[in-house]
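Please walk through this structure with me, from its overall division down to single residues. The paragraphs below take the domains, the pockets, two helices and then some individual positions.

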Amino acid sequence: MPSYSLNINGKTLTADADADMPLLWVLRDVLDLTGTKYGCGVASCGACTVLKDGKAIRSCQEQVQNVGNAKITTIEGLSEDGASHPIQKAWEKIGVPQCGYCQAGQMMNVAGLLNQYPKPTDEQIGSMMAGNLCRCGTYHRIKQAIKEVIDNS
């Protein structure tokens, strides 16, 4: 089994995994970073979203052999204390989560959106967030939280 040296949340971590193992399973099962969630397994729901070099990707579709030297950021790496990142503060202020299952993927997708567009338009927000599903239907509050982050940046 190959061994991979991965840059995860600013640390170099080693993972022994089959080359075609999805990054999601490496994060959750090998490295015990369980904040990233399994949703659909086919990149349709966004629950597994992480950042690869600052860009939002679906970790269920990224094979570990393709990560290379890229910097991966998971929800655990968004802030050191799990609550001080502007996105996390806005989520709490607006009261976005209900069941919470999709929230890590939603927040990581917002981080990727803001890396790409620091002041996104409504159309850019809608387009980027359209692939992240929330069974609780908190879409209005998610958009409010995104606007909160933008207004305070």
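In this predicted model, the centres of domain 1 and domain 2, taken over C-alpha atoms, are separated by 20 Å. The contact takes 16 residues from domain 1 and 13 residues from domain 2. Domain 1 covers residues 3-77 and domain 2 covers residues 86-152.

The largest pocket holds about 180 Å³ of space. Where does the largest pocket lie with respect to domain 1 and domain 2? Both domains give residues to its lining, so the largest pocket lies between them. The residues that line the largest pocket are Tyr-38, Gly-39, Cys-45, Ala-47, Cys-99, Tyr-101, Cys-102, Leu-133, Cys-134, Arg-135 and Cys-136. Sorted by class, this lining consists of nine nonpolar residues, one polar residue and one charged residue. Cysteine is counted as nonpolar in that tally, and Gly is counted as polar.

The second largest pocket has a volume of about 160 Å³. Its lining is made of Ile-8, Asn-9, Lys-11, Leu-13, Leu-31, Leu-33, Glu-76, Gly-77, Ser-79 and Glu-80. Strand β2 (11-16) and helix α2 (75-78) each supply at least two residues of this lining. By class, the lining of the second largest pocket has four nonpolar, three polar and three charged residues.

One of the residues lining the second largest pocket, Asn-9, is found in the loop between β1 (3-8) and β2. Asn-9 has a positive phi of about 55 degrees although it is not a glycine. Most residues other than glycine have a negative phi. With a relative accessible area of 24%, Asn-9 is partly exposed, because the partly exposed range runs between the limits of 20% and 50%. A positive phi also occurs at Asp-53, again not a glycine, with a value of about 50 degrees. Asp-53 is found in the loop between β3 (49-52) and β4 (55-58). Its relative accessible area is 54%, so Asp-53 is exposed.

Strand β1 is the place of Leu-6. Is Leu-6 buried or exposed? Its relative accessibility is 2%, so Leu-6 counts as buried. Not counting residues up to four places away in sequence, Leu-6 touches Lys-11, Thr-12, Leu-13, Ala-15, Val-26, Leu-31, Val-64 and Val-67. Leu-6 and Ala-70 are 64 residues apart in sequence, yet their C-alpha atoms are 7.8 Å apart in space.

Val-26, one of the residues that Leu-6 touches, belongs to helix α1 (residues 23-30). In α1, Leu-23, Leu-24, Val-26 and Leu-27 are buried. An α-helix has 3.6 residues a turn, so residues three or four places apart point the same way. The buried residues of α1 pack against strands β1, β2, β3, β4 and β5 (71-73). Asp-32 follows α1 and has a positive phi, near 60 degrees.

Helix α6 comprises residues 139-151. How does the span expected for the 13 residues of α6 agree with the distance between its end C-alpha atoms? At 1.5 Å a residue, α6 should span 18 Å, and its end C-alpha atoms are 18 Å apart, so the two values agree. The buried residues in α6 are Ile-142, Ala-145, Ile-146, Glu-148, Val-149 and Ile-150. Among the elements that cover these buried residues are α3 (86-94), α4 (103-116) and α5 (122-129).

Two loop residues complete the walk. Thr-138 lies in the loop between α5 and α6. Its relative accessible area is 1%, so Thr-138 is buried. Leaving aside its neighbours within four places in sequence, Thr-138 is in contact with Val-96, Gln-98 and Gln-103. Ala-83 lies in the loop between α2 and α3. At 35% relative accessibility, Ala-83 counts as partly exposed. Its contacts, leaving aside neighbours within four places in sequence, are Gln-88 and Lys-89.

Notes: Residues are numbered from 1 along each chain as its sequence is written. This is a predicted model: local features need pLDDT of at least 70, side-chain atom pairs count only at pLDDT 80 or more; totals for chains, interfaces and linings use all residues. Side-chain values use heavy atoms; hydrogens and water are left out. On a 1 Å grid over the protein atoms alone, a cavity is a set of points where a 1.4 Å probe fits but cannot get out, and a pocket is an open set with protein on both sides within 12 Å along at least five of seven lines; lining residues have an atom within 4 Å of a point. Grid points are joined across faces, edges and corners, and a volume is the space filled by probe spheres set on the points. Domain bounds come from an automatic or database domain assignment. Helices (H or I, at least four residues) and strands (E, at least two) are DSSP runs, numbered from the N terminus. The expected span of a helix is 1.5 Å times one less than its number of residues. Buried means under 20% relative accessible area, exposed over 50%, partly exposed in between (1.4 Å probe, protein chains only). Contact means heavy atoms within 4.5 Å.
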